[in-house]
4 protein chains.
Amino acid sequence: MRQRDDNKRLALLEATLELVTEQGFSATSVAMIARRAGVSPGTLYIYHEDKDALLVSTFLDVCDRLIDTALGQVDEHLVLREQLRRVWVALFEVALASPRLFRFYDMFSHSAWMTDELRERNDQRLAPLLEALAEGQRQGLIKPVGLALLEAFLFRPIHHLVQSSGCHPFEPDSASIDMAFAMAWDAVALKHCASQESVS
Amino acid sequence: MRQRDDNKRLALLEATLELVTEQGFSATSVAMIARRAGVSPGTLYIYHEDKDALLVSTFLDVCDRLIDTALGQVDEHLVLREQLRRVWVALFEVALASPRLFRFYDMFSHSAWMTDELRERNDQRLAPLLEALAEGQRQGLIKPVGLALLEAFLFRPIHHLVQSSGCHPFEPDSASIDMAFAMAWDAVALKHCASQESVS
Amino acid sequence: MRQRDDNKRLALLEATLELVTEQGFSATSVAMIARRAGVSPGTLYIYHEDKDALLVSTFLDVCDRLIDTALGQVDEHLVLREQLRRVWVALFEVALASPRLFRFYDMFSHSAWMTDELRERNDQRLAPLLEALAEGQRQGLIKPVGLALLEAFLFRPIHHLVQSSGCHPFEPDSASIDMAFAMAWDAVALKHCASQESVS
Amino acid sequence: MRQRDDNKRLALLEATLELVTEQGFSATSVAMIARRAGVSPGTLYIYHEDKDALLVSTFLDVCDRLIDTALGQVDEHLVLREQLRRVWVALFEVALASPRLFRFYDMFSHSAWMTDELRERNDQRLAPLLEALAEGQRQGLIKPVGLALLEAFLFRPIHHLVQSSGCHPFEPDSASIDMAFAMAWDAVALKHCASQESVS
DNA sequence: GATGAATGAGTGTTCATTCAT
DNA sequence: CATGAATGAACACTCATTCAT
């Protein structure tokens, strides 16, 4: 008997990621995904219950790759600002290497497949980062506002910038990323005059 | 594709807006839209060339309602900060009144139907607002950064906050909106110590 | 706008009757039925919710044709034995004219689609005939036994005989039918010696 | 298609019997049968050439169990009427013990898988019983009619009664079975007035 | 012999679109 | 202009069968 092949599982996730970001959810058929993954349509259903389950699995895989990238930079020995800067840099680097990751994440999370359950799962996986922010608030470094606001100004802009969609391009070179992060930091930091050099 | 009955045209746009935000693009069939709008599927094709054209028309309608809301607050006689604050407040008000507007905008703009052409059209419609920002940069009020960055920190967060999606709710009362706007302003403003009271 | 076409509805029922009796339920695809009926697969779904509903509708149509044939012979002015004889003759005639009718009836009624609800419906349609039998029992003409037994000996044998399946052929000519009916009558009749000539 | 493990062979037949009577032929997949039998789909093909062969084998197994039950009661030392009565009683007992047997028999024999070849095989297996009837005809006990008619009134009603399908239940207790058999006997017997007490 | 992953043709069903009325 | 019946290609999914292990 053949063993279940992890290569096939990954090939299906990768094919889904590619095709959905190229053509969109509705234009991507199960048959196309199977062909691109090099398996037959029937095989797809050994690894995934149905098309919806495949999309969700792909989303979870994408989320984990992004979240692992971010969490890999959380290091309690560094000051908060430096931790966050490294998270930013790491995410821009992964966006350069695999532009589809953020694209798929955004497509899925704005689709009708997105659920609160999935949102909560990701939030829990991000707990170390969110805890670092909470600690920053307790230390008076971060504005004492709700998590929704911190997310909106710290993380959301990343999604906008890495897709650099449309008319106003953003070139993610080292200097640009530093400037972008400085703006994020200004938004969330409880500032003292001395810190103003962040924009110098 | 003559347009005789404007009621029917609007009913179709409204039905599309409702159904797509409820069920998603792929789960929304032309027949469902027609039924919700109170017309027959055949009639739909008198007003719209095909399903794609209907989705794009709905998107343009949604964009115009949001853009008009924003532009309605641009008033050269006010200082830039106040203009932007009014834009923020107006957008939150419209989000409360018609939550589907932002939801549809985000769903569509992250879908495969979004094109650079559409993005550019919206940018041109937003010209007065973008021009006000450019003037602010010339006056040394706004950080001298590219438009992508200003968008990312001034407008993107609004989309995040009005959907208040998921675990971290954002209650858009007057105080919360002011605080949120203060963060946006801190992100983009070229600050002097005196302005620090924005977070007080 | 086109009107719903009763010819199409009937053509679908007839095509189903033909194909199922020729090939069986599982070997008969929806596409085959549609082609035989001269419509497209999609059209089938305008007239029937799904394949199951089409099969049930065909069954009901078949039942009604058989039941109407039988009930057409019920005439209170005739003695019971003559009424039943006419029912028998009429059913054999319809079996000769449309052999598929009994074949489909039996195939369906022994399949997993058969339900008590359908059985009850047919029983209610047959009420006049069953009532005549009950009256016969009150008059001492028919053995005072349950309906299941009367059915088993009066009607079930018809199904067996009209299909004349297999090795022991039954030629439904006038004399044979009369003999067969005599046997059915002997089974259910509360007999007196005088009636013995029924087998003469 | 070697047979090594007779347990597996029997488990497959039993699983087929159960699933087909529960769900019908088309709803019963090879994978379901294998799972119910506790083997893998591949193993099934060691014991049976394909699905059709499995169904036919199950049918033959069911036929043999029913035919053996009937033939076990044929005893030339008894008068014909008593022989037939014992056949009836035995078949009702097996129907009570294994209701699926008659159900499967009827489902299969009304399906498109039924062939004249199978019918003939069963007929040959039933030869002793049919021969007893022929002998009865020669002795003037049984009406001198074709085998089709004798089958229709002697055996067909059993199938109807043991399934007791639908609205008119038949309780197969000893008295009811005797009454039912009396009706069958009346149908086929060449009667003399003296025998009338059968309905007393 | 036994397994179950793999296959791909085939299924029932949907749906954007057309067109006779 | 308006209708909704009709279409048929395309879809997601199943399943009898094979075969590498």
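**Helix packing and chain symmetry in a predicted model**

In helix 9 of chain A, the buried residues are Ala148(A), Leu149(A), Leu150(A), Glu151(A), Ala152(A), Phe153(A) and Leu154(A). The helix, which spans residues 147-154, is thus mostly covered, with seven of its eight residues buried. The model described here is a predicted one.

Turning to the start of chain A, helix 1 (residues 6-23) and helix 2 (residues 30-37) have axes that come within 8 Å and cross at roughly 125°. Because angles from 115 to 145 degrees fall outside the perpendicular and antiparallel classes, helix 1 and helix 2 of chain A are oblique to each other. The crossing of helix 1 of chain A past helix 2 of chain A is right-handed. On the side of helix 1 of chain A, the contact involves Ala11(A), Leu12(A), Ala15(A), Thr16(A), Glu18(A), Leu19(A), Glu22(A) and Gln23(A), while helix 2 of chain A contributes Met32(A), Ile33(A), Arg36(A) and Ala37(A). By character, the residues of this contact comprise seven nonpolar, two polar and three charged.

We come next to the relation between chains C and D. Two copies of a chain are related by a rotation about an axis and a shift along it. Here, a turn of 180° with a shift of 0.1 Å along the axis lays chain D on chain C with an RMSD of 0.1 Å, and this is therefore the relation of a two-fold axis. Within chain D, Ala187(D) has the C-alpha nearest the axis, at 2.2 Å from it. Of the interface residues of chain D, 100% are also interface residues in chain C, so the copies meet through the same surface.

Terms used:
Residues numbered from 1 in each chain as written. Chains lettered and ligands numbered in written order. Predicted model: local features only at pLDDT ≥ 70, side-chain atom pairs only at ≥ 80, totals over all residues. Heavy atoms only, no water. Buried < 20%, exposed > 50% of the residue type's maximum accessible area, 1.4 Å probe, protein only. Helix = DSSP H or I, 4+ residues; strand = E, 2+ residues; numbered from the N terminus. Axes fitted to C-alpha atoms, helices over the stretch in contact; angles between N-to-C directions. Parallel < 35°, antiparallel > 145°, perpendicular 65-115°, else oblique. Left-handed = near helix turned anticlockwise from the far one by under 90°. Contact = heavy atoms within 4.5 Å. Nonpolar A, V, L, I, M, F, W, Y, C, P; charged D, E, K, R; others polar. Least-squares fit on C-alpha atoms with pLDDT ≥ 70 in both.
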